[in-house]
Amino acid sequence: MKYLEFFENAVSSLKTEKRYRIFADLERQAGKFPRAIWRAENGLEREIMVWCSNDYLGMGQHPAVIEAMSDTAHKMGTGAGGTRNISGTNHPLVQLETELADLHNKESALVFTSGFVSNEAAISTIAKLLPNCLILSDQLNHASMIAGVKSSGVQKQLWRHNDLEHLEELLAAAGTERAKLIVFESVYSMDGDIAPIEQIADLAEKYNAMTYIDEVHAVGMYGPRGAGICEREGLMDRIDIIEGTLAKAFGTLGGYITGKCAIIDAVRSYAPGFIFTTAMPPAIAAAACTSVRHLKDSQAERDGQQRQAARTKAMLSEAGLPVMPSETHIVPLFVGDPDLCKKASDILLEQHGIYIQPINYPTVPRGTERLRITPTPFHDDHLVDGLRAALIDVWERLELPYIEPGSFYNLNEPVAQEVFEAAGG
């Protein structure tokens, strides 16, 4: 058997479908964000502007965060020394979990090495420990939540995205006596929309279900102390498990869950993804803890991000570019074709020095390919103007359709769809 052929064919099919991912060689520059050095395959080095980073507030370059990481590494070394079961828990990690529990007003917190691991381990473990559990999962939940649902091995049902009537139908059919876990996100990162959290909590109480919310695209950026949408809407106490990340707005690495002590201790004691994974190094934990503490007290970064996100949406919309409606800091720009989406990204990088990674299937459904723009407080008005000019040039070169200036592109509006279909999108 020619084993390599299977792998070669698998990669070849991705290239044929225009879904093959190419990672840009970028070197972030501390103190100069969003600037980075791009190294092309031909050896060319060039300074470019990053417009799609998940370092939403630029905390990855904050002097206090860098200092905390550096000082702790010099004091405690670079590694954790093993799993927490073998090597114990380094003190900066203890401090970090205390800060996170306080951030979400929960009894306890548990830190993992990534947001993916926290979702996969927590969802699967919680569901396994509940007798005859039924997981009710929003259909647009992202990959790590899907992995957790699958790993649990319990029965699952998908409810239509943010559709409360459909969710209630499924809950009612399951009955109030059966164990149920509702898993959903607060901010959906590809469309920028927000879940109806209060109404979901109402349904959970009515039908005796537990709730698990993913706030990875909201923590640090929403709420008076940056605890997320649940904090902003005064709903943290109505959600059983709040999951978040340290790798986006907090600018470091790792994921976490918060909740009642009994729930967190059960996950700590039963989840293989936690038990058998090397712990977060103390330097990273110290940096994350510093970032969390800073954003609890500082509103400047959140205000700056919201201001520049709103300006970016307005400027691109006024130019007739097909910005998709978004309630959050996410600015999705509709393309609708994987090949054109990749070409648009390439032109932006090679001709304009702007890096925006194309978002294609399976991250989004086929036919909804887009550029996902994430303005930060450091994308000033001059950079926003430059982005608009560059995108207009790309739209002209690729003959992509515009929409009515000042409007937004809605996937559910037939007129908008017809415009793109007529243009070959």
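Let me begin with helix 7, which spans residues 164–174, and in which His166, Leu167, Leu170 and Leu171 are buried. Those buried residues lie on the same side of helix 7, because they cover an arc of only 135 degrees around the axis. I should say at once that what we are looking at is a predicted model, so please hear every value I give as one computed from that model.

If the buried residues share one side, what does the face of helix 7 turned away from that buried side carry? There we find the exposed residues Glu165, Glu169 and Ala173. As for what covers the buried residues, the list includes strand 5 (134–138), strand 6 (155–159), strand 7 (180–185) and helix 8 (197–206).

The two ends of helix 7 also deserve a moment. At the start, a side-chain oxygen of aspartate 163 comes to within 3.2 Å of the backbone nitrogen of glutamate 165, and just after the helix, glycine 175 takes a positive phi of about 85 degrees. A little ahead of the helix, in the loop between strand 6 and helix 7, we meet asparagine 162, whose phi is near 55 degrees, a positive value in a residue other than glycine. Asparagine 132 is another residue of this kind, with a positive phi near 50 degrees although it is not a glycine; asparagine 132 lies in the loop between helix 5 (115–129) and strand 5, and it counts as exposed because its relative accessibility is 58%, where the cut-off for exposed is over 50%.

Let me now move to the sheet. Here we have an open sheet of 4 strands, in the order 1-2-3-14, with mixed pairing. Strand 1 and strand 14 (354–355) stand at the edges, and since each has a single partner strand, one side of each is left without a neighbour in the sheet. Lying across strand 2, strand 3 (45–50) and strand 14 is helix 14, residues 338–352, which runs at about 125 degrees to strand 3.

Within that sheet, strand 1 and strand 2 pair in the antiparallel sense over 4 bridges. If you follow the pairing in the structure, you will see that aspartate 25 stands opposite arginine 39 in strand 2, while leucine 26 stands opposite tryptophan 38 in strand 2. It may help to recall that in a regular strand the side chains alternate between the two faces of the sheet. The hairpin of these two strands has 6 residues between the strands, and glycine 31 in this hairpin takes a positive phi near 90 degrees.

Two other residues of that loop are worth following. Glutamine 29 sits in the loop between strand 1 (25–28) and strand 2 (35–39), and it counts as buried because its relative accessible area is 18%, which is under the 20% cut-off. Leaving aside residues up to four places away in sequence, glutamine 29 touches Arg35, Ala36, Ile37, Glu47 and Gln61.

Proline 34 is found in the loop between strand 1 and strand 2 as well; is proline 34 buried or exposed? With a relative accessible area of 1%, proline 34 is buried. Its contacts, again not counting residues up to four places away in sequence, are with Ile48, Met49, Val50, Phe378, His379 and Leu383. The peptide bond from phenylalanine 33 to proline 34 is cis, with omega near 15 degrees. Another cis peptide bond runs from tyrosine 361 to proline 362, with omega near 10 degrees, and proline 362 lies in the loop between strand 15 (358–359) and strand 16 (370–373).

Let me finish with the cysteines. A disulfide is a covalent bond between the sulfur atoms of two cysteines, and how many disulfides does the structure hold? The structure holds 0 disulfides. For cysteine 261, which is in no disulfide, the nearest cysteine sulfur is that of cysteine 289, 18 Å away, and cysteine 261 counts as partly exposed at 39% relative accessibility. Cysteine 341 is in no disulfide either, the nearest cysteine sulfur being that of cysteine 52, 11 Å away; cysteine 341 is buried, with a relative accessible area of 0%.

Notes
Residues are numbered from 1 along each chain as its sequence is written. This is a predicted model: local features need pLDDT of at least 70, side-chain atom pairs count only at pLDDT 80 or more; totals for chains, interfaces and linings use all residues. Side-chain values use heavy atoms; hydrogens and water are left out. Buried means under 20% relative accessible area, exposed over 50%, partly exposed in between (1.4 Å probe, protein chains only). Contact means heavy atoms within 4.5 Å. The arc is that of the directions from the helix axis to the C-beta atoms. A polar contact is a pair of N or O atoms within 3.5 Å; within protein, one must be able to donate a hydrogen and the other to accept it, and residues adjacent in sequence count only if both atoms are side-chain atoms. A disulfide is a pair of cysteine sulfur atoms within 2.5 Å. Two strands pair if DSSP finds at least two bridges between them. Axes are lines fitted to C-alpha atoms, for helices over the stretch in contact, and angles run from 0 to 180 degrees between N-to-C directions.
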